[in-house]
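Thanks for sharing this one with me. Here are a few notes to read alongside the structure.

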Amino acid sequence: MHNIALSLPETPWLLWAGGLTIVVFLFCLPRLLGIVYIPHTQVGIIEKIWSSKGSLREGQIIARNGEAGFQAKFLRGGIHFGLYPWQYRIHKEPLAVVAEGKIAYLYARDGVPLEPIQTLGCTVDSNHFQDAIRFLEAGGQRGRQRGILREGVYAINLALFVVVTEERVFSGPVRESTDRYETWKAQLAALRAFDPVVIGAGSANRLRADIADTSASEAGSPPSLAATPDFHPDVDTIGVVSIQDGPTIGSGEIIAPEAKPVAGKDHNYFQDPEAFLELGGKRGKQLQVLTDGTFFINRWFGTVEIKAKTLIPIGYVGVIVSYHGAAGDDTTGESFRYGEQVEAGHRGVWRSALAPGKYALNPYAVKVELVPTINFVLRWMSGQTEAHHYDEDLTSIDLITADGYEPRLPLSLVLHIDYQKAPSVVQRFGDVKRLITQTLDPILTAYFRDVAQTSHMLDLLTKREEIQKRATEELGERFKRYDINVVAVLIGRPESRENVAAGQPDPIETLFDQLRMRRLAEEQRATFAKQEEAAQQQVALNQAKAKAERQTELTQSAIAIEIAKNRGQAEFAEAEQLAKKQVTLAEGEARAKELIGKGQSSRIAQVGLAEAAVTMHKVGAYRDPRLYALNVFADQFSKSVQPLVPSRLFISNTGGKPGESPTGGSVLETLLGLILSEKAGINLQEHAGTSKPLEEFIRRFTDSRSDGNGDPLKKTGTSAAEKTATRVG
């Protein structure tokens, strides 16, 4: 009874063990019968344990003819028969999945060994590495492959190939360390090699080009390309490709020449490695660059560096210094001894400069020296620099004047470089900055020190314009030898050096103070003159205001003046007419009086002449005028009321003064003289002949009167009458 009790608990265990054995048997039965199921998301890698064909030949890893080992043929999804477990081992591996927009890299464990100059295995037609047998039979090479896998799902024999993707490494059933593959994955991830090369996209997850990664030289580049509105470091980029496989470039070359298309065959910007090599492509940095676009390039075959495009801003030209190409003929001539200039495409300095614009130039193949062609300013001022930074090493010039001052002179120089002569400038000096520091700075400094030694301190202040003009002309002539045009030399305010003792007055500032006082005095004089002029203007303004205020009265008075003027002119005209009338009347009256007077005078003259004629006849009758006069005297004396015998008688000398006529006495004396003369027998006819002209005149008068011929005065000249009167007298 006891034994039976002890055996009862063991019965369920046996049942469970038996059931489990049956389940395992049923599960393994298909496999034992050679039946294998492969899910559709996997592939079955066949490992043949033994074979009647023996083992693989030396050097082989994958069996292509049924030898023992991993088979080139693999199983796809589904049920497969005849794969007995005592002969075959089936390794189920996942399908290789490459994400969208990604790249997968492959490594072949078997195939033709690489040539000594090869880095990667050549690409053969194997349906994207999915046909292992075709790959091996077509001469596929072991090692890392030139071909890549694009996005998609691939059924690949992972015993032959290792697939490296961004997510994982598909290394297959081969028992080996995967550290090497993980290292490759990390390296590719660091290079962003699982992503295609995108040029000019500006995406944040793409490689960004450094501003300095441009073929434009640092010394000659503009101040900030990033600040240039039409330049974007994320967009204006190129890709410089370095090929890691293929024949090497020739000795002395640093850049592989471009593999140009032939007969319609092109490597399509290094995306087809086999075509690139067939077209003669060589390993090394390539002259050809990648421009805007997306490129699926095997980074094991060619690495890509993102560089900025070459930007030549407006106001600059780019002088090309080429590091590749054949030697060219010199185009400068014998007179230029600073080097050779060659045509484009040859090694050396190109004769023609590049105009402003953007260029996809390989910075490893050419160097672009930017030369400004607009007017640019250089400042010799300590602590100041322009945006182009050409003058960052320039300082104010220390001078010593003729009168002992030691100023520090800041100045600016405006320059211009002819764009056609830019290659010559680069050939002479290398770049613009060396031109400034090694040539312009020494020449300019020496020139102004010479000027200071012959000038006084005041000359630098008062004759600044003259010095600037002379410096522009003289330095312009010097700089023309270096193909530099001087536009203007501008002198700043002289400053004292820093070695002025503390507490001591600055001599230059003292001089400036004197000039300021002098200038202030001149300005005050000018101000006073202006104030005087303003006062005069104020007076004129006040007068104008007063005139304006009384404009009505002025207008009325002006009208009154005009009326009075017109009235005066009218009265003047009336008076003038009245005067003319009076003058006319006066002239008529005067003429009338003149005619009346002439008539009266003629009448009186005729009467007198008649009386004179009668008197002359009377005198002629007496034969002596004195006798006639005595007769007339006696007649008149008889009628006189005066006493006949005077109470007193005065007798004076009749002779008078010597030479006087004896007839100068009184009438009585004359009478007495006549009586005495007659008694004495004196001839009284001696003077009778003196009256003949008068008698002749009277005779003619009497004859004319008798003839009735008018006025005898008109017929007798005035001179004759006067002569007669004189004689009578």
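1. Let me start with a single bridge: Ala-104 has Leu-149 in E9 as its partner. Please keep in mind throughout that this is a predicted model. The pairing of strand E8 (residues 104–108) with E9 is antiparallel and runs over four bridges.

2. Stepping back to the whole sheet, you will find four strands in the order E9-E8-E11-E12, paired antiparallel in an open sheet. Strand E9 (143–149) and strand E12 (169–170) are at the edges, and each has a single partner strand, so one side of each lacks a neighbour in the sheet.

3. Do look at what lies on this sheet as well. Helix H4 (residues 179–190) packs there and touches E8, E9, strand E11 (161–164) and E12. The direction of H4 makes about 150° with that of E8.

4. Now to a helix pair: at what angle do H7 and H9 pack? Helix H7 (residues 432–453) and helix H9 (residues 464–479) make an angle of about 140°, and their axes are 12 Å apart. Because of that angle, H7 counts as oblique to H9. The two helices cross in a right-handed sense.

5. Which residues bring these helices together? From H7 come Leu-440, Ile-443, Leu-444, Tyr-447, Phe-448 and Val-451. They meet Ile-467, Arg-470, Ala-471, Glu-474, Leu-475, Arg-478 and Phe-479 in H9. Sorted by class, the contact of H7 with H9 holds 10 nonpolar and three charged residues, with no polar ones.

Notes
Residues are numbered from 1 along each chain as its sequence is written. This is a predicted model: local features need pLDDT of at least 70, side-chain atom pairs count only at pLDDT 80 or more; totals for chains, interfaces and linings use all residues. Side-chain values use heavy atoms; hydrogens and water are left out. Axes are lines fitted to C-alpha atoms, for helices over the stretch in contact, and angles run from 0 to 180 degrees between N-to-C directions. Angles under 35 degrees count as roughly parallel, over 145 as roughly antiparallel, 65 to 115 as roughly perpendicular and the rest as oblique. A crossing is left-handed if the near helix is turned anticlockwise from the far one by less than a right angle, and right-handed if clockwise. Contact means heavy atoms within 4.5 Å. Ala, Val, Leu, Ile, Met, Phe, Trp, Tyr, Cys and Pro count as nonpolar, Asp, Glu, Lys and Arg as charged, and the others, Gly among them, as polar. Two strands pair if DSSP finds at least two bridges between them.
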